[in-house]
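Thanks for coming. I will keep this short and go through one structure, starting from its strands.

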Amino acid sequence: MIIPERMSVYINSLDVGNGAFLDELEQEALRDDVPIIRQDMQSFLKVLLAMHQPKQILEVGTAVGFSALLMAANTEMCHITTIEKYEKRIPVAKENFQKSGMGHRITLLEGDALAIMQELTGTYDMIFMDAAKGQYIHFLPDALRLLRTGGILISDNVLQDGDIIESHYAVERRNRTIYRRMREYLYVLKHTDGLLTSIVPVEDGAAVTVKQKEAIVLPKA
Ligand SMILES: C[S@@+](CC[C@H](N)C(=O)[O-])C[C@H]1O[C@@H](n2cnc3c(N)ncnc32)[C@H](O)[C@@H]1O
């Protein structure tokens, strides 16, 4: 937890839910240990959607479709393209999209996001990055190519349960690559000309980035 647990419990106690279908889907996902966005991130995302009013969203990391459906339910005339590579979750997500009655507004692309994003040619108003944290830095060039000028990139879980502020040596060895890549990712988001980023301690940390210029030159890897 990056904010005190009591604070998180209090904030979430004020939440009014997302309607019967999504509330049930959320409970099912939590029961099955599927990692979906939690209440405070849900509210944050809903506010961003209301402010930005996207018509095309790209999501990286579908899981069972909860956040894609939340975004569909909180937008109008908006199409959501979402990418998932885990074979066990894909049929569950498809079934949830179909049962929701919003499936016609969602396209699920099956496979590795890195390869799929390289092939995409559309233009998106919003990109929600919620997949393997160690890959964000690799997803970034295509995410920025696909995002329109003025569009927003939301990157979830960027503070890594607080690990991000620890010294390299204090981070468990198996988490060190993700730690190094995430620190690099946040540095690039904050220091690249044409990107305006705020890192917000909601849930496990979210970075909200506005693409302010058409041509973004990222530092060489
Ligand atoms: C945190 S979950 C997504 C949760 C979902 N956004 C929600 O809140 O309902 C992350 C998902 O990303 C998928 N994933 C991770 N790396 C991926 C990649 N390189 N390409 C496609 N999917 C990936 C995982 O299989 C997992 O289901």
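Phe128 stands opposite Ile154, a residue of strand β5. Keep in mind throughout that this is a predicted model. The pairing behind that contact is between β4 and β5, which run parallel and share 5 bridges. To get from β4 to β5 the chain passes through helix α7, residues 136-146, and the resulting β-α-β crossover is right-handed.

On to the other pairing of β5. Its partner there is β7, and these two strands are antiparallel, again with 5 bridges. One facing pair to look at is Leu153 with Thr209, the latter in β7. How much of β5 is buried? Of its 10 residues, 7 are buried, so the strand is largely enclosed by the rest of the structure.

β7 also pairs with β6, residues 195-200, in the antiparallel sense, over 6 bridges. In that pairing Leu195 stands opposite Lys211 of β7. The hairpin formed by β6 and β7 has 5 residues between the strands, and Glu203 in this hairpin has a positive phi near 50°.

Next, the nonpolar interior. The largest nonpolar core has 34 residues, and the members that touch the most others are Leu45, Ile80 and Ile154. Which elements supply at least two residues each? The helices are α2 (20-31), α3 (39-52), α4 (66-73) and α5 (89-100), and the strands are β3 (106-110), β4 (124-129), β5 (147-156) and β7 (206-211). The largest share comes from α4, with 6 residues.

Back to Ile154, then, as one of the core residues with the most contacts to other members. Setting aside neighbours within four places in sequence, Ile154 is in contact with Met41, Leu45 and Leu48, with the run Met126, Ile127, Phe128 and Met129, and with Ala207. A second core, separate from this one, holds 30 residues, including Ile137, Phe139, Val158 and Leu159.

Now a charged residue in β4. Asp125 lies in that strand. Is Asp125 buried or exposed? Its relative accessibility is 13%, so Asp125 counts as buried. The side chain of Asp125 makes a polar contact of 2.7 Å with the side chain of Arg148. If residues up to four places away in sequence are not counted, Asp125 touches His52, Pro54, Lys55 and Gln56 on one stretch of the chain, and Leu147, Arg148, Gly151 and Ile152 on another.

That brings me to charge pairs in general. Side chains of opposite charge can pair when their charged atoms come close. How many salt bridges does a search of the whole structure find? The number is 8, and I will show three.

The first is between Asp112 and Lys85, with an N to O distance of 3.8 Å. This pair links distant parts of the chain, 27 residues apart: Asp112 is in the loop between β3 and α6 (113-119), and Lys85 is in the loop between β2 (79-84) and α5. Asp112 has a relative accessible area of 37%, so it is partly exposed. Lys85, at 56%, counts as exposed.

The next is within helix α5. Lys99 and Glu95 form a salt bridge, with 3.7 Å between the closest N and O atoms. These two residues are 4 apart in the helix, about one turn. Glu95 counts as partly exposed, at 44% relative accessibility.

The last of the three is within α7, the crossover helix. Arg145 and Asp142 meet in a salt bridge at 2.8 Å, N to O. They are 3 residues apart in α7, about one turn of the helix. The two ends differ in burial class: Arg145 is partly exposed at 42%, whereas Asp142 is buried at 12%.

Finally, two backbone points in loops. Ala63 is not a glycine, yet its phi is positive, about 55°. Ala63 is in the loop between β1 (56-60) and α4, and at 9% relative accessibility it counts as buried. Met77 is also a residue other than glycine with a positive phi, near 50°. Met77 sits in the loop between α4 and β2. With a relative accessible area of 73%, Met77 is exposed.

That is what I have; I will take questions.

Notes:
Residues are numbered from 1 along each chain as its sequence is written. This is a predicted model: local features need pLDDT of at least 70, side-chain atom pairs count only at pLDDT 80 or more; totals for chains, interfaces and linings use all residues. Side-chain values use heavy atoms; hydrogens and water are left out. A nonpolar core is a set of buried Ala, Val, Leu, Ile, Met, Phe, Trp, Tyr and Cys residues joined through side-chain atoms within 4.5 Å. Buried means under 20% relative accessible area, exposed over 50%, partly exposed in between (1.4 Å probe, protein chains only). Contact means heavy atoms within 4.5 Å. Two strands pair if DSSP finds at least two bridges between them. A crossover is right-handed if, with the strands pointing away from the viewer, the path from the first strand over the helix to the second runs clockwise. A polar contact is a pair of N or O atoms within 3.5 Å; within protein, one must be able to donate a hydrogen and the other to accept it, and residues adjacent in sequence count only if both atoms are side-chain atoms. A salt bridge is a side-chain nitrogen of Lys or Arg within 4 Å of a carboxyl oxygen of Asp or Glu.
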